[in-house]
Amino acid sequence: MTPLDHDWIVIGSGFGGSVSALRLAEKGYSVGVIESGRRYEDEDFAESTWQLRRYYWMPRIGLRGIFRMTTFKDVFIVSGSGVGGGSLGFANTLYRARPAFFTHPQWDGLAEDWERELHDHYDTAERMLGVTTYEGVGPADALLRRFADETGVGETWKNTRVGVYFGAAGEEVDDPYFGGEGPRRTGCVRCGQCMVGCRYGAKNTLRKNYLWFAEKLGVKIHSEREVVDIKPLGGPDGAGGYELTTQRSGAWFRKRRATLRARGVVVAAGALGTNKLLRDCKHSGSLPRISDRLGQLVRTNSESVMAVTAPDDERDFTESVAITSSIYPDPNTHVEVVTYGKGADSMSLLFTLMTGDGTRLTRPVLWLAQAIRHPLRFVRTLWPFKWSQRTVILLIMQSLDNALRLVPKRKLFGRGVRLQTQQDPDRPNPTFIPVAEQVTRWFAEKLGGLPQGGITESVFNIPTTAHILGGAVIGSGPDTGVVDPQHRLFGYENLLVCDGSSVPANPGVNPSLTITALAERAMAQLPPKEPNGAPAELPAAVRAAA
Ligand SMILES: Cc1cc2nc3c(=O)[nH]c(=O)nc-3n(C[C@H](O)[C@H](O)[C@H](O)COP(=O)(O)OP(=O)(O)OC[C@H]3O[C@@H](n4cnc5c(N)ncnc54)[C@H](O)[C@@H]3O)c2cc1C
Ligand code: SF4
């Protein structure tokens, strides 16, 4: 039999993938990571989102940045790409999930108490990602606090928990997190550009922690290669390992297909990437045993993204990190104020005049009526200059139980299937959140500014999410889920799913810390390599929770 290339291959290098790579290497296994996105050093990130090639990920037309956009008929999804996955362009915000998450019926009873079960893994994740509380009250925070006071929830206002190094601004120092064994770091200069990519080295991306130590332990990262197939070896359940087919990301021709073999595989391609890859493998017959529940319970974190742009050019909401404070208008709803920093004016193209509640038929009419009634306002939405400096983005997310499905559709050209969304008939994903409109209008009134909604939401009734989750969720068996509580794919040996796709419910807050803690837990349950693998020596601060 052809020898194996690695003990384990990890597909994707985001939160789930980076944790998996480090912890498997720590247990003595040889590990390869395959990442479809590009490797970025701090100085490679775009200076502005107008630098399309370095910001947007559309490899088919030569854009190899960190920000991926995918439109379905029920949701517009933004997600990350690159070595470090979503951490490269995320807003650094790292919260533990809301209480309702831990008792959701989808997984309640599969552990004695999920909150207690994950507690130590959250601790490890927070230590690894350097989570701390942001300090400071900028103009957007002050407004949010006023809104909270006026609506009777003032006590819920809090500064954000973030993964950023707040040493002396702009000063480079030896690693402050891992006893000097990690990379050198620079203190945050509060430029607000975290989502464009931190060019200063202040943001705690996965390259600065999990992947840094994984590579130190010999993990090999193959970037700009996407996995398109996984086939079991030596039997239908993968007991003899797996063969993965990879190809150049986004290539039209000369795809340079290659295969790699490993004893075990961790699929961590993010909720979208994992759903697509597993669906292709099920459809093509490579992994026919995957549960029919694949693609069910896809969550958007019940999200809405709104914006308010102040009229005067002197207004500046950017002198901070990306997300600085939040409130809870009700226990299930979280509102955060967000900035993109200066130089993100192209993001204005994703926003337009806000429309109220409606349907796919009425919202285009409402939008058109607004544009005709308020032509000046409409023209202002088309004016991108200094938009990101003058704009407060309002991010609303909920821990409510709603969902979509990702269902397969036949492709006209090429291999595999294409995915399309369907609303879950029993608990549809909301296309309009009243409190999102309320807080946006309030901000607009106070700033004399322009209230805006996401363009797909306002015009086509398609809400935006930056937090797509689910589709390969934890369940008690293949009739209720796709993976077991240890993240093992039902029907297969040594094939795990450790990323946002296995998250069973809406956490109601930014989910990356929860994805990290779940992956830490999944990896903690795997045995060390036997008989020759010596567990690797790592600084105490890097070791997993016992
Ligand atoms: C602008 C923005 C801001 C955000 N801010 C926050 C925030 O502040 N806090 C928070 O908690 N979350 C935030 N998020 C969401 C966060 O980025 C995701 O929830 C998180 O990254 C998901 O982690 P993951 O492990 O599931 O996968 P990802 O981090 O998405 O990683 C998956 C990786 O797999 C790669 N991949 C996909 N398919 C394949 C394939 N076939 N072969 C090989 N590789 C593949 C992708 O390129 C990607 O790098 C933000 C997202 C965006 C877009
Ligand atoms: S505010 Fe600027 S320096 Fe600080 S983490 Fe964000 S991008 Fe980096």
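These legends accompany four close-up views of a predicted model.

**View 1. The shell of residues around ligand 1.** Welcome to the ligand site, where 40 residues surround ligand 1, and Glu35, Arg68, Thr93, Gly500 and Ser512 come nearest. By class, the shell holds 21 polar, 14 nonpolar and five charged residues. At least two shell residues come from each of helix 1 (15-26), helix 7 (270-284) and helix 13 (512-524), and the same holds for strand 2 (31-35), strand 5 (67-71), strand 6 (76-80) and strand 13 (225-232).

**View 2. Backbone atoms beside ligand 1.** Look here for polar backbone atoms: one of Ala91 lies 2.9 Å from a nitrogen atom of ligand 1, and one of Gly82 is 3.3 Å from an oxygen atom of the ligand. At Val227, a backbone N or O atom is 3.0 Å from a nitrogen atom of ligand 1. On its own, ligand 1 has 1,000 Å² of accessible area, and the protein covers 94% of that.

**View 3. Tyr40 with Phe45 and Arg38.** The whole structure contains 19 aromatic pairs. In the stacked pair of Tyr40 and Phe45, the centres are 5.3 Å apart with 10° between the planes. Tyr40 counts as buried because its relative accessible area is 2%, under the 20% limit. Phe45 is likewise buried, with a relative accessible area of 2%. Follow Tyr40 to Arg38 as well: the charged end of Arg38 sits over the Tyr40 ring, 4.1 Å from the ring centre.

**View 4. Further aromatic groupings.** One aromatic cluster brings together Phe101, Phe102, Trp107, Trp114 and Tyr122. Trp157 offers another ring to inspect, with the charged end of Arg145 sitting over it, 4.4 Å from its centre.

Key:
Residues are numbered from 1 along each chain as its sequence is written. Chains are lettered from A and ligands numbered from 1 in the order in which they are written. This is a predicted model: local features need pLDDT of at least 70, side-chain atom pairs count only at pLDDT 80 or more; totals for chains, interfaces and linings use all residues. Side-chain values use heavy atoms; hydrogens and water are left out. A residue is near a molecule or strand if one of its heavy atoms lies within 4 Å of it. A polar contact is a pair of N or O atoms within 3.5 Å; within protein, one must be able to donate a hydrogen and the other to accept it, and residues adjacent in sequence count only if both atoms are side-chain atoms. Accessible areas come from the Shrake-Rupley method with a 1.4 Å probe; for residues, only the protein chains shown count as cover. Helices (H or I, at least four residues) and strands (E, at least two) are DSSP runs, numbered from the N terminus. Ala, Val, Leu, Ile, Met, Phe, Trp, Tyr, Cys and Pro count as nonpolar, Asp, Glu, Lys and Arg as charged, and the others, Gly among them, as polar. Rings of Phe, Tyr and Trp (its six-membered ring) pair if their centres lie within 6.5 Å; planes under 30 degrees apart count as stacked, over 60 as edge-to-face and the rest as tilted. Buried means under 20% relative accessible area, exposed over 50%, partly exposed in between (1.4 Å probe, protein chains only). A charge sits over a ring if NZ of Lys or CZ of Arg is within 6 Å of the ring centre and within 35 degrees of the ring normal.
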